[in-house]
Every structure is written in structure tokens, then in C-alpha cells.
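Trainee: I'd like a close look at one part of this model, and I'd like the cut-offs spelled out as we go. Here it is.

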Amino acid sequence: MSAERLQQVQALYNDALAIEPKERAAFLDSACGGDSDLRREVESLLAYQDQAETWLDKPAYQVAAQSLADEGAGVLVDRMLGRYQLLSLVGRGGMGDVYCAVDSRLNRLVAVKTLPSYMATDKQHVQRFEQEARAIAVLNHPNICILHDAGYDDGLHYLVFEYLVGEPLSERLFRETQSLTRAMEYATQIADALVYAHEFGIIHLDLKPSNIMLMRSGVKLLDFGVAELRDPDTPASNALLETKSGSRRTPGTPGYMAPEQLEGGPTDARTDIFAFGAVLYEVFTQRRAFPHNPETVSALRAIYPGCISDVRPGVPASLDTLVARCLALQPSDRWQSMSEVLSQCAEIRANLPASGRVNA
Amino acid sequence: MLDQQSPHDITDLLRLWSEGEPGALDRLTPLVFRELHRLAVRYVGRERVDHTLQATGLVNEAYIRLIDWPNVEWKNREHFFAVSAQVMRHILVDYARSRLYSKRGGGVRCVSLDDAPNLSDNNSLASLLDVDRALGRLAALDPRTAQVIELRYFGGFTVEETARIMGLSPITVIRSWNFAKAWLLRELYGDMKS
């Protein structure tokens with residue numbers, strides 16, 4: 001078909017669309033004259049006109065995003081990623097899927113976390129990813145889930161963690177109230193893990209109850225530093241995501257992210273201290289400190305929580321003080337190091353009444 | 001180096017790409033995917049309930065984030081939106097191709113057009129590739145209509161935005177878009193009467 005012919009077809013098509021369907025045949029009769037090819041062209045296009053709402057109205061980027069969302073949902077089961085044979089999908093998150101897998105060399109169970117495939121895959125990037133993963137793999141603490149390995153295979157970045165059987169703190173809190181003793185035990189173990197990691201210069205940046213696993217042996221923090229690994233090209237201090245203001249944002253979780261993290265400012269140990277405060281609030285009250293996923297600092301400010309004792313009378317006043325200072329909006333108003341927080345936790349814990357079940 | 005990625009760089013990358021620097025696309029791709037992934041995360045989190053409500057807002061949000069508007073001169077904005085749509089097209093087509101032909105998928109997976117005419121919910125990546133190919137044929141005959149499709153379908157722009165970018169009236173865009181859809185569907189699914 002020539003360009004002129006297409007123009008002709010398009011003009012007739014539009015004219016025909018503008019009139020009542022039952023009058024179109026007569027219109028085309030006269031408009032096309034004896035040109036039956038032309039008429040057939042226009043009619044065959046009109047036949048599709050009724051499909052007013054077609055899939056074409058859904059932009060292509062949505063198709064791709066949906067595919068990204070569906071991607072990996074169990075499709076890797078039974079496959080090898082490096083030396084790991086994936087057995088089953090045990091978790092799905094926005095930032096990747098978690099598989100139970102067998103390490104074929106060491107013949108043990110591991111958890112393999114795949115990272116979204118939008119990450120760049122050039123050699124340099126992969127190297128940096130592995131370099132940062134090695135930094136995290138240094139962490140060896142009873143309350144931190146150990147990173148065994150990291151790799152890149154078949155277009156996917158993946159992380160290999162020790163395989164844990166336990167219950168996420170988020171679910172435990174949903175199920176039952178924690179006694180003061182139990183809650184302070186969790187707090188102390190979490191704080192201890194954070195102190196340890198901060199000594200290595202590694203900040204968690206995505207601390208929240210669903211990243212805290214409760215095992216028979218104690219608490220385990222998951223995904224340490226993984227927030228940074230999601231984009232190893234950008235240093236943690238100003239990682240990821242340009243926002244409208246042109247700043248960046250590390251991908252944490254709204255409701256636990258400190259103001260500076262929400263705003264894309266520099267993050268440091270005090271950013272984890274804020275999240276720790278939010279987690280502690282939730283452990284004691286079974287309510288989120290900042291519900292409704294506030295995505296801006298003003299939203300965060302608007303729902304700023306009261307004291308734990310408002311919700312759960314009878315907790316030590318020192319606990320209110322501890323959490324309030326963790327949750328200060330300004331990093332400089334917070335506890336300045338996790339070890340300060342840890343010693344506060346230890347003190348509160350030591351001073352709890354023996355039963356520990358006061359006002360559970 | 002892209003270590004310190006500022007929006008200004010993205011604007012520069014778009015400019016470089018439009019000037020024929022092929023490497024720029026490789027550097028833009030992860031940025032676009034970051035935005036797509038944000039969208040995907042919302043899909044996973046919120047199921048499929050409120051997609052349509054979010055659709056236009058999100059893509060605009062993505063462009064606003066991707067492009068450093070204050071540094072783009074006003075007369076060039078239209079041009080940059082047009083280039084953005086082209087970039088999106090390239091990246092999405094590459095993505096669809098890689099997903100459909102990846103070795104993980106168990107070899108070549110072709111969606112036969114005979115299976116396709118469920119017009120309302122065929123949103124597969126395969127149709128994305130089909131549109132791209134058909135668009136190539138249309139562009140040779142009618143570049144303007146082809147650009148309407150590129151902006152609307154690949155760029156995700158609304159009728160009003162498309163009109164502004166192309167310097168046309170919205171009604172012209174609507175007419176072009178309606179015709180283009182019918183033309184594409186017929187290209188893809190064949191003559192319904194035959």
C-alpha cells in the first residue's frame with residue numbers, strides 16, 4: 001500500500017466512524033465509487049473499531065512491569081543457579097524471591113534469594129555486586145543470618161543464605177502479645193547484632209519485623225545490607241532512586257525508614273537506630289509506630305506515635321525514653337551509636353520485675 | 001562513571017542517545033528498569049485491583065523522576081518526551097525479546113497469532129513485539145500515525161500529552177489513535193472477515 005492510499009483509507013475510516021453504523025454502507029458505496037479494494041480496506045478496519053477497549057490501551061510499560069512482577073514466581077524450581085539446585089519457592093517479596101535450595105557441593109540446605117533482573121549486568125557491575133556481598137559475608141554473629149555466597153548466573157543475581165526454620169517476628173506479633181521479658185530479650189539480641197554489624201561499617205537499612213526471624217536459638221536478622229546490594233553502583237550513603245526533588249532514596253520500607261532515608265539524605269548507623277525504635281514500639285504494642293506506610297517526612301510527622309506506655313501501661317519509663325530517642329526525627333537528636341542503645345536495653349532488661357509479666 | 005547518577009546525567013543520556021550515541025541506551029536501561037520495578041513491586045503488593053487508576057500517574061512520575069526538567073529548555077521538552085518514548089520502546093522491546101527467547105524459558109517460545117484474538121486480555125510480551133514490528137511497517141507509510149502509537153503505547157502518554165508533544169489537537173490524536181489501533185489489530189490478527 002502506498003502512503004497516499006493509506007491517507008485515503010484513514011480519511012474514509014474517520015469519516016465513516018463519524019456517522020451512524022447503519023449508514024456506513026451507503027456512505028462507503030458513494031465514497032469509494034467502484035474501488036472495491038478501497039472499500040474492503042476501510043471495512044476490514046471498521047470491523048476492529050468495536051474493539052474500543054483493546055489491550056493496546058494498556059501501555060507497554062505496564063505489560064513489562066506486570067511481567068517483571070510475575071517473573072520468577074516459582075519458575076526457577078528444579079533449576080540450577082550456580083551450584084545450587086532450587087527446590088521450592090518459600091517466599092516472594094517485592095525485591096526478589098526466596099527459594100529453598102540444596103548446595104550441591106556441600107550437600108546442605110540453603111536459602112537462595114534472587115534479586116530483580118532489572119539490575120545492570122555488565123561485568124563491572126557484577127564485580128561490584130560481589131564485592132559488596134563479600135563485605136556482608138564477613139558478618140558472623142549468632143543473631144545475623146549468614147550470607148554464604150553470592151553469584152550471577154543466567155541473567156540473575158542471587159544471594160545464598162543459611163537456611164533458617166523459624167517464625168518472622170511480624171507473624172509472632174500478629175499472633176500473640178510478648179511478655180516484657182521476652183520483648184526485651186528480642187530487643188537486646190537485635191541491638192547486639194546491629195552493634196556488631198555497625199562495627200564493620202555495615203548498616204541494615206531495611207530493619208523491620210518481617211526481616212527478623214525468631215528461632216529456637218534466638219533472633220536472626222535477615223537481609224543485612226541487602227538494601228545496598230540492590231544497587232551496588234551507588235554507595236549506601238546516597239543510594240538509589242531519584243525522587244522528584246532530585247535526591248536519592250535507598251529502598252527501605254516506609255513506616256520503618258528514618259526521615260533522612262525517606263528524603264534520600266545520607267544514611268548511617270543512626271538510620272538503623274530509628275528503624276530499631278520503630279520495631280521496638282511494635283514489639284511492645286503490637287501496633288506499628290508509623291502505620292499507613294508514610295512515604296514523606298511530613299506524612300511521618302503527622303502520625304508520630306506517642307509513648308509505648310500510652311498503649312501498654314506499666315512498661316518501664318526508661319523504655320519510653322529509649323524508644324523516643326531512637327525515633328527522633330533529627331539523627332543528631334537520636335542515640336548516636338547502637339552500643340548506647342544496647343546498654344540501655346541491657347539496663348532495662350536487668351531492672352525488669354522478676355516475673356516479667358507485668359501487664360502483659 | 002555512573003556512580004553518582006544525577007537526573008542531569010539522564011537528561012544528557014537522552015540527548016546523547018537522540019544524537020546517535022548507542023552506548024547511552026545501555027546506561028539508560030537500568031534506570032528505566034528501576035522505575036518499572038517500582039511499578040512491579042506495587043503490582044505484587046497490591047494485586048491487580050487499582051492498576052488502571054495508577055496507570056497514567058505512574059508513568060508520568062517515572063518521567064518526572066527520569067528527566068531533570070529545570071535543565072531542559074522549554075522548547076526542547078516536547079523533543080525529550082518524544083525521545084523518552086523511543087527509548088522506552090527500545091528498552092521494552094529488548095526486554096520482551098529477552099524474556100520470550102531466554103534459555104530459561106526452555107527455548108524459543110512463540111505465541112502463535114492464531115491463539116491471540118482474545119483482544120481484551122492479550123497483554124503478553126509477544127504482542128508487544130508484534131506491535132513494534134507492525135509499527136515499523138506503518139512508519140514507512142505514515143510516520144505521524146506511527147508516532148502517535150509510539151507515544152501512546154510505548155511512551156504511555158495520554159491523548160492530551162501526545163497532542164502537546166506532537167503539536168496537534170487532541171481530536172486529531174484521538175482520530176489517529178483510533179485508526180492506528182484498528183490498523184494494528186488488523187495487521188496482527190488479520191482480516192476478521194477472511
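Trainee: To start with, which residue in β6(A) is the bridge partner of A:Y152? After that, please take me through helix α8(B) and what it packs against.

Mentor: A quick note first: this is a predicted model, where local features need pLDDT of at least 70 and side-chain atom pairs count only at pLDDT 80 or more, while totals for chains, interfaces and linings use all residues. Residues are numbered from 1 along each chain as its sequence is written, with chains lettered from A and ligands numbered from 1 in the order in which they are written.

Your answer is A:H157, the bridge partner of A:Y152 in β6(A). Strands β5 (residues 147-153) and β6 (residues 156-162) of chain A pair in the antiparallel sense over 6 bridges (pairing takes at least two DSSP bridges between two strands; strands are DSSP runs of E with at least two residues, helices runs of H or I with at least four, both numbered from the N terminus). The two strands make a hairpin with 2 residues between them, and A:D154 in the turn has a positive phi of about 55°. A:D154 also turns up among the contacts of A:L81, as do A:D153, A:L156 and A:Y158 (contact means C-beta atoms, placed from the backbone, within 7 Å). A:L81 itself is in strand β1 (residues 80-81) of chain A. With 20 other C-beta atoms within 10 Å, A:L81 is buried (buried takes 20 or more such atoms, exposed 12 or fewer, partly exposed anything in between, again with C-beta atoms placed from the backbone).

Now over to chain B, with 8 helices and 0 strands. Of its 194 residues, 40% count as buried. Among its contacts between residues at least 6 apart in sequence, 67% join residues at least 24 apart.

α8(B) has 20 residues and reaches 28 Å from first C-alpha to last, close to the 28 Å expected at 1.5 Å a residue (the expected span is 1.5 Å times one less than the number of residues). Its buried residues include B:V173, B:W177, B:F179, B:W183 and B:L184. Their cover comes from both chains, including α1 and α3 (36-46) of chain A and α5 (125-141), α6 (143-154) and α7 of chain B.

Take the chain B side first. The axes of α7(B), residues 159-166, and α8(B), residues 170-189, come within 8 Å and cross at roughly 110° (axes are lines fitted to C-alpha atoms, for helices over the stretch in contact, with angles from 0 to 180 degrees between N-to-C directions). That makes the two roughly perpendicular (65 to 115 degrees; under 35 is roughly parallel, over 145 roughly antiparallel, the rest oblique). Here B:V159, B:E160, B:T162 and B:A163 meet B:P170, B:V173, B:I174 and B:W177. That set divides into 6 nonpolar, 1 polar and 1 charged (nonpolar is Ala, Val, Leu, Ile, Met, Phe, Trp, Tyr, Cys and Pro; charged is Asp, Glu, Lys and Arg; the others, Gly among them, are polar).

Then the chain A side. The axes of α1(A), residues 3-18, and α8(B) come within 10 Å and cross at roughly 105°, so this pair is roughly perpendicular too. A:Q10, A:Y13, A:N14 and A:L17 make the contact with B:R175, B:N178 and B:F179, a group of 3 nonpolar, 3 polar and 1 charged.

Finally, α8(B) is followed by B:G190, whose phi is positive, near 85°.

Notes. Two residues are in contact if their C-beta atoms, placed from the backbone, lie within 7 Å. Lists of a residue's contacts leave out its neighbours within four places in sequence.
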